[in-house]
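Reader: Please take me through this model, and tell me at each step how the terms you use are justified.

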Amino acid sequence: MAASVIVDRKTQISQACQSGEEFARIYYEKFDKQRHLISNLYEQSGNVVWNGNYVTGRENIGKFFQNLPASESDLLSLDAQPILDEFVQGQTTILVHAAGNIKFSGKNRCKFSESFLLTAKQGNDGSVWRVVSDTFRFHEPLPT
Amino acid sequence: MSMGRSSRPYFEHDDRDTRTVQMDRRRKFNKRNFRHNRHYGDEGGSRNRRVDYDGDIDMVGVSKRSKDERFKPYQMGSNFKKNKDSRKKNRGKGGGNAASSYRRALPLSNIQSSENSWFKIKFGYVGNAAVFYVNEVEQANGLKKLNGIITTPSGFKMSIYCQRCPPPVCTLNDETQEKIKVCMSNRYDVAQKLLNLSNFYCDSGLKTEGIYAPLSRFNIFSAVVRIIKEHIPELEKLDLSGNKLNRLEPLSSLVSTCKELKSLILGNNCLSTIGELNFLKGLELQELYLDGNPLCDKFKDQSSYISAVRERLPKTIRLDGKDLPPPITFDLDQTVELPKAHGSYFPSDDVKLLIIQFLEQYYVVYDSGDRQQLLEAYHDHAMFSLFVSKQSSREAGPDEYIHESRNLLRIKDSNFRNRLLKFGRLAVVSALSELPASQHEPSSFTVDVGFVLPTLMNFTVSGVFRGVGKSKHKQQLWTFSRAFVVVPQGRGFSVVNDNLFISNASHSQVEAYKLTPTPSPISSPGPSTEKSLIEKKQMVEQFMRQTGMNESFSAKCLEENEWNYQKSALVFNELNMSSLIPSEAFQK
C-alpha cells in the first residue's frame with residue numbers, strides 16, 4: 001500500500017510538470033498573439049488578480065485581458081507542483097508558477113511572475129485543464 | 001617651418017649678428033627686463049614682446065612674420081624646450097618645456113583666444129613642459145619638424161616632442177559641471193527655446209576655464225543631457241552639430257522628459273549607422289539634420305534615406321533643410337494603458353487577518369537564522385521547491401540558489417525533478433534551513449489571494465529580500481514570488497504547497513529599497529554595519545560625481561584606500577595625472 005502511494009505521487013509529480021510546461025507554453029503564446037482566445041483557458045468561475053486588480057468570471061477575464069496593450073512575453077523560468085488528492089478531494093489540481101520578462105506597449109520591459117492553480121475538468125474532448133486562479137505581479141515597487 | 005629654416009642660416013652664416021643677438025638676449029634676462037617683459041606680455045600679444053626686446057625678436061622672425069600670420073603660434077611658443085609626457089595613441093599632442101618664468105609673459109588666453117591658433121585643446125603645463133593637444137597628425141608632424149629649429153630668447157633651441165595619444169581625459173566634478181551648466185545657459189536662447197551646443201568642445205568660455213568637454217565623450221554627453229533634463233525640459237530645438245558624436249545613446253533619456261523637442265540638428269558629426277536614431281525613438285521630432293555624417297553616404301538614394309529616418313521618427317517633415325511629403329499614418333487609437341498596479345488583494349478581512357498573521361510569524365522565523373521552528377507551519381505531506389532565473393547573461397545570477405533550482409525549462413530529467421521537489425514537512429524544513437540567511441523587506445510585500453474554499457486556499461506573496469553577510473555580494477537584493485497552498489488546521493492553517501521563485505531584484509526595486517534596510521527585530525546585522533554600508537554607498541556616489549569614473553571603479557578606488565575619501569581622491573588625481581587610469585573606468 002505504502003509503495004503504491006509513492007508511485008502515485010511520483011506519477012502525479014511528473015504529470016504536474018508536463019502539464020505545467022505545456023500550459024505555460026500555450027498560455028504565453030496565446031496571451032501575446034491570440035489574446036481573444038485566452039479566456040477559454042479559464043474556469044467559468046475563475047479568478048485573476050492582476051497587479052492587485054481583481055477580476056472574476058471567464059467573460060470578465062476575457063474582457064480584462066483584451067483591454068491590456070499588446071505584449072511580448074519571454075518566459076525564463078517555470079515550476080509546477082501537484083496538489084495532493086487528499087487536499088482537493090480527488091479533484092486533480094496543479095500549481096504552476098512562471099516567471100520572465102514582459103513588454104507591454106507603452107511600458108518598458110519588466111520582470112514578472114505569475115502563479116496559476118489549474119484543475120482538470122471534463123471538456124468536449126475528454127479532460128482539459130482550466131485555470132481556477134491566477135495571480136500576476138510585475139517585479140517592481142508599487143507606484144506611489 | 002619655412003620661417004625656422006630661413007632663420008637658422010641667418011644666425012649661422014652671419015656670426016657677427018648672431019653674437020649680437022645672443023648677447024643682447026642674455027642681457028635682457030636680468031630681473032628688470034624680465035619684469036618689463038611680464039608687464040607687457042600681460043597686456044597682449046607678441047607685438048608687446050617685440051617692443052620689449054627692442055627688435056631682437058624681430059630679427060629671429062625676420063620680416064616674414066607680417067606676411068605669414070600662420071606662424072604666430074610658433075612665435076608665441078618660442079619658450080618651449082622640452083616635454084616629458086608619455087601617452088601614445090590617436091591624437092597628436094605637442095609639447096615644449098616652458099621656463100616657468102615665461103608663463104606669465106605669454107598668458108594662456110593669448111594663445112587660446114587666437115583664432116588661428118593650433119593650441120586648440122587643453123593647453124596647460126606639466127612640470128616645466130607646456131603640453132597641448134592638436135587634432136590632426138599633420139599638425140603634430142608640422143610642429144615636430146620645428147624641433148631644435150626655433151631659438152628661444154635665452155639662446156637655447158626649443159625642443160618639441162609630439163606623440164599620438166588618446167584625447168585628454170575629461171573628468172567631471174561638481175565644479176566642472178557647474179561651469180558647463182553656465183556655459184550651456186549662455187548658449188540657450190530662451191525666446192526660441194533653442195540650445196545651441198554646436199562645436200561645444202571648442203567653446204571659448206570653457207577653454208578660458210581650462211575645461212575640455214567634448215560631447216563625443218560619453219560621460220560629458222550624459223552630464224549635458226542630464227542638465228538639459230533638469231533645467232530646460234521645455235526645450236524645442238537642440239543643435240549638436242560639429243561635435244564628433246559617434247553615438248546618440250545619452251539622448252535616449254530625453255524621450256520621456258523633453259516632449260516639446262521638435263528640431264534636432266546633428267549635422268557634421270561622426271554618426272556611422274542609421275541605427276543610432278533608434279535611441280531617439282519616441283521623440284516627436286519634426287525637423288532633423290543629419291547631413292555631414294558618414295551614415296548619409298550609406299544610402300543608395302534619397303528615398304531609402306528618408307524612409308529609414310521616418311521608420312524611426314515618423315513625424316519628421318523636414319530633413320536636412322528640405323521639406324518632406326507629409327507622412328500618411330494609420331489611426332489605430334493605440335491609447336490603451338495598463339491598469340494601475342494596486343497593493344495586496346484579499347477577498348475579505350477575515351482572510352486578510354489570517355494570512356497577515358501567518359506571514360508575520362512565518363517571516364520572523366524564516367529570517368531568524370533558525371528555520372527549524374517553521375515545522376509547525378507545514379502539513380505532514382507538504383511540498384516545497386524553488387526555482388530561479390537569470391534575466392540576462394550579463395548579470396550575476398542567484399548562484400547560491402541555483403543548485404536547488406527546479407526550473408522546468410532547464411531541468412528535464414524526471415528523477416532530478418523529483419529530487420528537487422521536497423516532500424514531507426521534515427524534508428521541506430531541512431531544505432529551507434539549508435538556504436542562505438535572508439532579511440525580507442516587509443514594506444515591499446504584496447499578497448494576492450487567488451482562490452478561497454473552506455477546505456483550501458491559495459495565495460502568492462511577492463517582494464524583495466536581502467542576503468545577510470559581511471560582504472557586499474552577500475547583501476545583494478533579491479526579488480521573490482512565493483505561491484502557497486494551505487489547508488485549515490485548528491484556528492489557522494498549514495501549508496501543503498510552497499513554491500518559491502527568486503531572481504535578481506529589478507533596477508527599480510534596487511532603487512526603491514537600497515537605502516532603507518529595515519532590520520528585523522531578531523537577526524539585525526547590527527546598526528554599525530548598516531550605517532557604514534549607507535555611508536559607503538554615498539561616498540561612492542560622491543566619488544563618481546567628482547571623478548567621472550563609473551561605480552565599480554569608484555568603489556574599488558575607495559575600497560583600496562580604506563574608505564578614506566581624501567586619500568582616495570589624492571590617489572585618483574595622481575594616477576589620473578600620469579594617465580594610469582584605464583579608459584573603461586570612465587565608461588558608464
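**The contact of chain B and chain A**

Author: Chain B and chain A bury about 4700 Å² between them, 61% of it on carbon and sulfur atoms; buried area is the accessible area (1.4 Å probe) that two parts lose on being put together, summed over both. This is a predicted model, in which local features need pLDDT of at least 70 and side-chain atom pairs count only at pLDDT 80 or more, while totals for chains, interfaces and linings use all residues. Residues are numbered from 1 along each chain as its sequence is written, chains are lettered from A and ligands numbered from 1 in the order in which they are written, and side-chain values use heavy atoms, with hydrogens and water left out.

Reader: What makes the pair A:Glu21 and B:Lys412 a salt bridge?

Author: The term requires a side-chain nitrogen of Lys or Arg within 4 Å of a carboxyl oxygen of Asp or Glu; the side chains of A:Glu21 and B:Lys412 meet at 2.6 Å, N to O, and therefore satisfy it. Between chain B and chain A the count is 4 salt bridges.

Reader: Why are strand 9 and strand 10 of chain B said to pair?

Author: Strands are DSSP runs (E, at least two residues), numbered from the N terminus, and two of them pair if DSSP finds at least two bridges between them. Strand 9 (residues 287-289) and strand 10 (residues 318-319) of chain B run parallel and are joined by 2 bridges, so the condition is met. B:Glu287 has B:Arg318, in strand 10 of chain B, as its bridge partner.

Key
Helix = DSSP H or I, 4+ residues; strand = E, 2+ residues; numbered from the N terminus.
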